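Biologist: Please pick one strand and look at it closely. Walk me from its pairing to its packing, with every cut-off stated.

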Amino acid sequence: TGLEIEFIDTNPLACLNAVNYFYKDANLIIVDIGAKSTNLMIKEGHKIWTRSIALGGNDITKSIMVHYTIDFKKAEELKKKGAKALLPDSGKVVENEDVSSKELSDAISPILTTIASELSNSIGFYKSQFSMSKDIKKVLLTGGSSCIVNLDKFFEYNLGMQVELIDIAKDVKFLTGKSNPAEISTSGIYTSAIGLALRGFKNASRININLLPREEKVLLSFKHKAPVAIVLLTALLLAFSIAGYMLFSLNRARSLTLKELTNQGEQLSSYGSQINQLNSDLAALKAR
């Protein structure tokens with residue numbers, strides 16, 4: 001792509017960064033239903049606990065494929081168009097669904113029930129191991145598959161907790177420059193992407209791990225510091241050049257002075273021999 005990689009993050013923590021930005025609640029349970037997996041995150045104060053469940057939107061689509069004997073693409077379209085989660089009430093369906101819609105709900109129900117069961121078991125495990133705070137009363141639902149109709153109510157029934165879909169409409173202008181774009185604000189598919197984008201803003205992300213290999217970090221750091229290093233190196237070279245020129249000029253001046261003094265010394269030496277001769281003649285004249 002020609003893009004420079006600055007960060008490699010994990011999906012749950014990127015999702016958490018977005019949630020931390022848009023929701024100031026100290027204690028939350030976040031359920032992110034992606035294509036290949038469902039990530040459970042329990043945020044309690046400054047403590048974070050995560051678990052990845054190997055079931056997601058693709059498994060729901062495959063369940064529709066098998067039920068209707070159609071290909072993946074058609075099953076995906078059918079899921080997006082009319083998939084609804086059943087809302088049981090004493091074994092009965094609350095809403096009056098037509099036959100085709102009821103059949104589609106029956107096709108996806110086993111996968112949703114398994115996901116709900118895994119989430120319930122995971123929350124139970126967390127409670128038994130870490131004494132979950134009583135302040136955690138809300139589950140935030142996000143991810144591409146969270147758009148399935150009634151899914152929030154389905155999980156609310158199975159988990160026995162308040163469940164709401166993520167809503168980022170109130171602050172999305174900060175990221176897009178547009179006023180509350182409906183597509184982003186009503187879909188949980190962008191949550192992790194927004195969490196990653198927040199890494200580019202100063203003090204916007206609370207979790208700043210980076211799984212980029214160490215050698216890549218060093219290379220990236222060098223690239224970022226290269227312009228400054230080039231400026232400093234140029235300044236040093238310029239300083240050395242000026243100092244060298246000054247030393248050369250000073251040395252040249254000293255050489256000329258030394259040459260002049262040497263010439264004067266030679267002249268004085270010749271005068272010395274003449275003086276000695278005159279002194280010798282003077283002595284002879286005195287003796288005579």
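**One strand, close up**

Modeller: A quick check before the strand: searching the whole structure turns up zero disulfides (a disulfide being a pair of cysteine sulfur atoms within 2.5 Å). This is a predicted model, so local features need pLDDT of at least 70 and side-chain atom pairs count only at pLDDT 80 or more, while totals for chains, interfaces and linings use all residues. Residues are numbered from 1 along each chain as its sequence is written, and side-chain values use heavy atoms, leaving out hydrogens and water.

Two cysteines first. C15 has 0% relative accessibility and counts as buried. C147, at 46%, counts as partly exposed. Buried means under 20% relative accessible area, exposed over 50%, and partly exposed in between, using a 1.4 Å probe and protein chains only.

Now the strand I picked: β1, residues 27-33. Strands here are DSSP runs of E with at least two residues; helices are runs of H or I with at least four; both are numbered from the N terminus. Seven of the seven residues of β1 are buried, so the rest of the structure largely encloses β1. N27, I29, V31 and I33 point one way. L28, I30 and D32 point the other way.

What pairs with β1? Strands pair if DSSP finds at least two bridges between them. β2 runs antiparallel to β1 over seven bridges. The two form a hairpin, with four residues between them. Within this pair, I29 stands opposite I42 in β2. β6 is parallel to β1, over four bridges. There D32 stands opposite T142.

Next, the packing. The largest nonpolar core has 34 residues; I29 and V31 are among those that touch the most other members, along with L119, L151, F154 and F155. Such a core is a set of buried Ala, Val, Leu, Ile, Met, Phe, Trp, Tyr and Cys residues joined through side-chain atoms within 4.5 Å. The elements giving two or more residues to this core are β1, β2 (38-44), β3 (47-53), α2, α4 (99-130), β6 (138-142) and α5 (151-159). α4 gives the largest share, nine residues. A second, separate core has 18 residues, including L13, Y21, I166 and L198.

Zoom in on I29, setting aside neighbours within four places in sequence. Its contacts (heavy atoms within 4.5 Å) include L40, M41 and I42. I29 also touches I123, M132, I136, K138, V139, L140 and M161.
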